Amino acid sequence: MSTPYQVLLLSPGSPDLATSPFGPFVLHACRTLDEASEALLAQTYDAVLLDLPSPGGAAALLAWPGLARAVLDSAVLAVLQDPTPAHCLKLVQRGVRDILSPADLQPELLGRCLRLAIERKQLDDTARRAYSIDLSTGLPNRQQLQEHMTHLLALREREPAAMALIALQLEGMPAVEASLGAEAANVLRRKLAVRLRASLRASDVVASLGGDLFCVLLAWIDAQEDAERVARKLLQTVSQPYLVAGQTLPLSARLGVAQYPAHGKEARALLSRALGQVSGDGISRQLRGAAANDEVPSADD
C-alpha cells in the first residue's frame, strides 16, 4: 500500500475520499484560516484544501498571512463560489495550484484534483531543485536563495520578524584549485558546506553562489546583535584547517551582513548589501588556521 497523502482540510463538510482511486488520503480538519496557520507550523502536508464558500472567500484567502507558507511546502487548492477572474489570477500568481467550484467537491473528482495537484507540485519542486542547486556542493544556488528570500520576505510582511543574510567569501580557494586540482577544490567546498550547515538551525539556509562565495540566510533573529554573533561564530568555524588530498589547508574568510528590515525589504537589496560588505571592509576579519582560535584545532577528515 502506498504512503497516504496528508491533506489539511478547511471545509464546512467532510468529503469522503476513503475509496478514491487517486489516494489514499488522510484528512486533517481545521475550522478557520487561523487554525490552518497553526497546523502548518506543526507539520508539513502534501496538500491544503481550503473550502471558502462565502462571497468574500477569495479576498479572505488573498489576505491570509499563512498563504505564503502554505504554498512553499504544499499543493494548495481553493474552493470558491464564483470568484472573479482577477481573484483567480492573483491566487495562481501567489502559488495556489487549482481553483475549484463547490460542484467539484464530489469525491471522485476531488480525489483526482488533489492527486494531480500534489503530483504537479512534486514535479515542479524536483525541476526547481535540479535547476537551482550548485552541483559541486549540493547547496541551493543564487537563484534558489533569492526565490526563498522572496517568499520569506512576503511572509515577514504579514508576520513581522527580523532576519539576516550573511555573505561569506573564502580566500585561498584559487590557490587550492591551482595546486591540487578542481576536484580537491570541490571537496573543500563540500567540507565547508557541512561545517556551515552543522553550525546553524534547521530553519536557516546555506547557499553556494559559486566559486568561493557562500550565503547564510537566518530565517529569524531576536535582535540585531544576533546576526553579528552568528557571523563571528561562522568565521571561527570555517577558519579551522581542512584535510584535503592528504594536505592540511588553512583558509581565510571575509563576511558581510545585511539585516531585514534595517538594510532593505527586497531580496536583491539585501544580497547586494551583504556582498558589498564582503568586497569592502564591512565587518570582515581575516582568520587563518589555528591563529583564529584560542585552542589549536585539528583538521577534519
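The following paragraphs lead from the overall dimensions of a predicted model to one helix pair and then to a single buried serine.

Taken as a whole, the protein chain is built from ten helices and 13 strands, and its C-alpha trace spans about 70 × 45 × 30 Å along the principal axes. Of the 301 residues in the protein chain, 46% are buried, while the surface that the chain exposes amounts to about 14600 Å², with carbon and sulfur atoms supplying 53% of that area. Among the contacts in the protein chain with a separation of 6 or more, 67% are accounted for by residues 24 or more positions apart.

Within this framework, helix α7, covering residues 173-180, and helix α8, covering residues 182-198, have axes that come within 6 Å and cross at roughly 140°. Because angles over 145 degrees would be needed to count as roughly antiparallel, the two helices α7 and α8 are therefore described as oblique to each other. On the α7 side the contact is made by Met 173, Val 176, Glu 177 and Leu 180, and on the α8 side by Ala 182, Ala 184, Ala 185, Leu 188 and Arg 189. Sorted by class, the contact of α7 with α8 has seven nonpolar residues and two charged ones, with no polar residues.

Further along the chain, the loop between α9 (224-238) and β11 (242-244) contains Ser 239. With a relative accessible area of 1%, Ser 239 falls under the 20% cut-off and is therefore buried. A polar atom of the side chain of Ser 239 lies 2.9 Å from the backbone oxygen of Gln 236.

Key
Residues numbered from 1 in each chain as written. Predicted model: local features only at pLDDT ≥ 70, side-chain atom pairs only at ≥ 80, totals over all residues. Heavy atoms only, no water. Axes fitted to C-alpha atoms, helices over the stretch in contact; angles between N-to-C directions. Helix = DSSP H or I, 4+ residues; strand = E, 2+ residues; numbered from the N terminus. Parallel < 35°, antiparallel > 145°, perpendicular 65-115°, else oblique. Contact = heavy atoms within 4.5 Å. Nonpolar A, V, L, I, M, F, W, Y, C, P; charged D, E, K, R; others polar. Buried < 20%, exposed > 50% of the residue type's maximum accessible area, 1.4 Å probe, protein only. Areas by Shrake-Rupley, 256 points an atom, 1.4 Å probe, with all protein chains shown as cover. Polar contact = N/O pair within 3.5 Å; in protein donor to acceptor, adjacent residues only side chain to side chain.
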